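I opened this model to look up how its helices pack and where its empty spaces lie. My notes follow in the order I made them.

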Amino acid sequence: MWRPALFWFYLTSFALCFSPFVFNPHNFCLQEYILDYGFFLGWLFGGNHSSSDDTWVAFKKHQRAKYTGFKSNKRATSDSTIALSESSSSSANKLGEVGTLLFQALLFLLPYLYITAQSGVQEPVSVDPITRIAFLALLPIILNLIMLLILFPVSVVAGNLLTLCFKSSPSLFAGMSYTWGFLGLIICVNVTLLLHDWNVPRSLCAMICIMKIHTFLKTLTYNALLSKEYQDHQSNLAWWSGNWNIKRFGWAVLSQPFREILVKTCDLTSFGYDFVLGHFLFTAIFPVALVPLVDKAHTYILFWLKPSRIVHGPIYSKRQRKRRRRQSVLYSLLYLTVVSCSCAMVVVPAIFSPQF
């Protein structure tokens, strides 16, 4: 794993992951680091109560639009501020990308088949690695689909009433679904470890293969099963609020919920990976942010300043400082809770497992 030949791979991966943080001024200031975590959570969970283009949901929508394109803007509302292209990739490009992802998934499947072949084992255990990897790949998808099928009738029947009493109820439904998407990924990781007798290298190889399979299935769904995207965010808002207005969608109100089920299933599956990756990067930076005077040293290096130059941070009013301090404490507790619970959900079952 630590062979010199792989040093360039590790160096490149480290640079791609951490360069945005290294070249961001005041990124290693502890308070700014904590507040950035709050902005990150707002970006992840936002855009489900009111339209916003600066959210994870909008990002995934534009990502899908590369394959589906956009509908004409006759029903677009003024809350969409980004100019959208109505054209999508050509059929040849779509077929080529789907074929490439399928080839990559099969390519990542080969090491898993090799590592589970049990060559040279005196008493091999009969296993079917292809069936196992297919089950593990479909497990989070099925869990997310079940959650969406439960929440959809609830939002349709009681969504409008709940919105009158509690205006943020769509965000509550979305937050529950996204949290379930993350928990579904944790369940998949635990089941993967359990099926591989808590062998970390085999489980890691399986998870990498599962991620590539999910990427292939998601892209295949975008290309083969989805119609064009609306230019506004009303379909996403309608899904979480249950307000399927026929004046807004026309006859598409009959088919749009089925399309949104596919979209939300793909989104929940992707959300778990993005949530874990984001927290991994924040956790990797956290020890650096605890080093005294690291923010000042980072600023000197970043802007090529002499040590004699005095570096002043942003100037805030007393009220702003108090609010930022309160937000820092809140997000710190939230961050520690999320990271601790996430690690516990993986480590505790492994500790109490008889195979550990």
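**Entry 1: H4 and H5.** I started with H4 and H5 in this predicted model. I looked up the angle, and the two helices pack at about 125 degrees. Their axes are 10 Å apart. Angles of 65 to 115 degrees would count as roughly perpendicular, and those over 145 as roughly antiparallel. H4 and H5 are therefore oblique to each other. I noted the hand too: the crossing of H4 and H5 is right-handed. Then I listed who touches whom. H4 brings Leu109, Tyr112 and Leu113 to the contact, and H5 brings Pro129, Ile130, Arg132 and Ile133. I sorted the residues of this contact by class: six are nonpolar, none is polar and one is charged.

**Entry 2: the whole chain.** Next I stepped back. How many helices and strands are there in the chain? I found twelve helices and zero strands. Read along the sequence, the pattern is α-α-α-α-α-α-α-α-α-α-α-α. I also looked up the extent of the chain. Taken along the principal axes, its C-alpha atoms fill a box of roughly 70 × 65 × 45 Å.

**Entry 3: H6 and H12.** I turned to H6, which covers residues 169-195, and H12, which covers residues 318-351. Their axes come within 10 Å and cross at roughly 20 degrees. That angle makes H6 roughly parallel to H12. H6 passes H12 in a right-handed crossing. On the H6 side, I wrote down Phe182, Leu183, Ile186, Val189, Asn190 and Leu193 as contact residues. On the H12 side, Ser342, Met345, Val346 and Pro349 make the contact. I sorted the residues where H6 meets H12 into eight nonpolar, two polar and no charged.

**Entry 4: H7 and H10.** Which way do H7 and H10 run, roughly parallel or roughly antiparallel? I checked the angle first. H7 spans residues 200-224 and H10 spans residues 256-289, and their axes cross at roughly 150 degrees. The axes come within 11 Å. H7 and H10 are therefore roughly antiparallel to each other. I recorded a left-handed crossing where H7 passes H10. From H7, the contact takes Ile210, Met211, His214, Lys218, Thr221 and Tyr222. From H10, it takes Leu262, Cys266, Asp267, Thr269, Ser270 and Tyr273. I counted the classes for the contact of H7 with H10: six nonpolar, four polar and two charged residues.

**Entry 5: the largest pocket.** I moved on to the empty spaces. The largest pocket holds about 1,700 Å³. I found 47 residues in its lining. Which of them lie nearest the centre of the largest pocket? They are Leu185, Met207, Met211, Tyr273 and Val276. I saw two familiar names here, as Met211 of H7 and Tyr273 of H10 also belong to the contact of those helices. I then asked which elements supply the lining of the largest pocket. Those giving two or more residues are H3 (56-68), H5 (129-165), H6, H7, H10 and H12. The largest share, 14 residues, comes from H10. By class, the lining of the largest pocket has 31 nonpolar, twelve polar and four charged residues.

**Entry 6: the second largest pocket.** I looked up its volume, which is about 250 Å³. Phe108, Pro111, Tyr114, Ile115, Pro201, Leu204, Cys205 and Ile208 line the second largest pocket. H4 (91-115) and H7 are the elements that each give two or more residues to this lining. I checked the classes: eight nonpolar, no polar and no charged residues line the second largest pocket.

**Entry 7: the cavity.** Last, I searched for enclosed space. How many cavities of 30 Å³ or more does the structure hold? I found one. The volume of the largest cavity is about 80 Å³. Its lining counts 13 residues, and the closest to its centre are Lys61, Arg64, Glu229, Ser235 and Asn236. H3, H8 (234-241) and H10 each give two or more residues to the lining of the largest cavity. H10 provides the largest share, five residues. I closed the entry with the classes for this cavity lining: two nonpolar, three polar and eight charged.

Note on methods
Residues are numbered from 1 along each chain as its sequence is written. This is a predicted model: local features need pLDDT of at least 70, side-chain atom pairs count only at pLDDT 80 or more; totals for chains, interfaces and linings use all residues. Side-chain values use heavy atoms; hydrogens and water are left out. Axes are lines fitted to C-alpha atoms, for helices over the stretch in contact, and angles run from 0 to 180 degrees between N-to-C directions. Helices (H or I, at least four residues) and strands (E, at least two) are DSSP runs, numbered from the N terminus. Angles under 35 degrees count as roughly parallel, over 145 as roughly antiparallel, 65 to 115 as roughly perpendicular and the rest as oblique. A crossing is left-handed if the near helix is turned anticlockwise from the far one by less than a right angle, and right-handed if clockwise. Contact means heavy atoms within 4.5 Å. Ala, Val, Leu, Ile, Met, Phe, Trp, Tyr, Cys and Pro count as nonpolar, Asp, Glu, Lys and Arg as charged, and the others, Gly among them, as polar. On a 1 Å grid over the protein atoms alone, a cavity is a set of points where a 1.4 Å probe fits but cannot get out, and a pocket is an open set with protein on both sides within 12 Å along at least five of seven lines; lining residues have an atom within 4 Å of a point. Grid points are joined across faces, edges and corners, and a volume is the space filled by probe spheres set on the points.
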